[in-house]
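Q: I'd love a close look at one part of this protein. Please start from its end and work back through it.

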Amino acid sequence: MILPAEHPLNTGKTSASLLVLNMRGHRTCPLPVWFMRQAGRSLPEYRKLREGIAMLDSCLTPELVVEITMQPVRRHGVDAAIYFSDIVIPLKLAGLDVDIKPGVGPVLEHPVRTQEAADALHHIDADAFAPITTAVDMLVKELGSTPLIGFGGAPFTLASYLIEGGPSKDLPHSRVMMRNQPELWAQILNWCADITAQFISAQVVAGASALQVFDSWAGRLSPEEYETFAKPYSERLFSQLALLVDKDGVPVPRVHFGVGTEPLLESMHGVGATVMGIDSQTDLARASALFHDKVPLQGNISTELLTANWETLAEHIDAVIASGANAPGHVVNLGHGVPPETDPDVLTRITEYIHRTTT
């Protein structure tokens, strides 16, 4: 699908941004930087704004989404905004009884574990995306030349919440279904792929200049398990996202990120990603070598060092930048999301430091 003529990638507003250039394999000076979970609990202005408002309600109120998305851009001077939402929003838009409980995460009162429940799943009506497209349109106008990143969850991670009923490190119900009911597993994950494709595509068509797919739980799988139980469905998702192109037929950059996924990186790239997000457990030089130094990378400052003294943190940032030097493009980021206890001033200082030292 060719993006609308007024899309910022087509008008030139974001096509020459540091973020898009690096994601398309054109290294810049300075390098771009943004932070996963940059709009969140580490910002006092975010906590104040969210007082008394449920998370999923926040995600579906355009004015709140715009303000929360913009807060870290204003405060830190980062080179991209990421759309404020949650990976389970597609489940809510599809009519499921999902909620986010503070201190727990996404929970479903009625997990989907039977054929009857799976058969009741349906795709999302186009009208349901109105709060999202409205918010993106408002954001694009406010961001100007700063690109917006759209996002969603990979089918395996989204399905884990759907089947387990909430966060689970061991994924017991999912593993039983994988082994004993492969057809039901495939039906559910194909559905997750399709509704996430709808969700991300709505953000991109409305104005997002890049997209990121999070597979937060993929690291719980062995390489063999990933190939069988996750990869085919991520391929289904990415094949739909690959249809999103600008007026010249250039694809919208597609980032794929997981935690603890070094053994899976080649497979995760093979689903159709154009940029690989790398966690802090994996050296960027080693990751780049896996892709013969031909794939742009994103990452991977350790969140554990955000509370270290500045000299230690700066030395680590230098090492991260040096380790990513062979990649055709490098978007500097964390190796995971910003922890809630992070001092926001540290993130601002990191952004300034990266811009200054990579110029």
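Which residue just after α9 takes a positive phi, and of about how many degrees?

A: Happy to take you there! That residue is G165, with a positive phi of about 90°. This is a predicted model, so local features need pLDDT of at least 70 and side-chain atom pairs 80 or more, while totals for chains, interfaces and linings use all residues. Numbering runs from 1 along each chain as its sequence is written, and side-chain values use heavy atoms, without hydrogens or water.

Stepping back from G165 brings us into α9, the helix of residues 155-164 (a DSSP run of H or I, at least four residues, numbered from the N terminus). Because 10 of its 10 residues are buried (under 20% relative accessible area, 1.4 Å probe, protein chains only), α9 is largely enclosed by the rest of the structure. The buried set starts at P155 and F156 and includes the polar side chains of T157 and S160 as well as E164. L158, A159, L162 and I163 are buried too, and so is Y161.

Y161 leads on to the largest pocket (an open set of 1 Å grid points with protein on both sides within 12 Å along at least five of seven lines). Its volume is about 1,400 Å³. The lining has 36 residues (an atom within 4 Å of a point). Y161 is among those closest to the pocket's centre, together with R37, R41, D86 and P106. The elements giving two or more residues to this lining are helix α3 (44-50) and the strands β2 (98-101) and β3 (105-108) (E runs of at least two).

Key:
1 Å grid on protein atoms, 1.4 Å probe; cavity = no way out; pocket = protein on both sides within 12 Å on 5 of 7 lines; lining within 4 Å. Points joined across faces, edges and corners; volume = space filled by probe spheres on them. Buried < 20%, exposed > 50% of the residue type's maximum accessible area, 1.4 Å probe, protein only.
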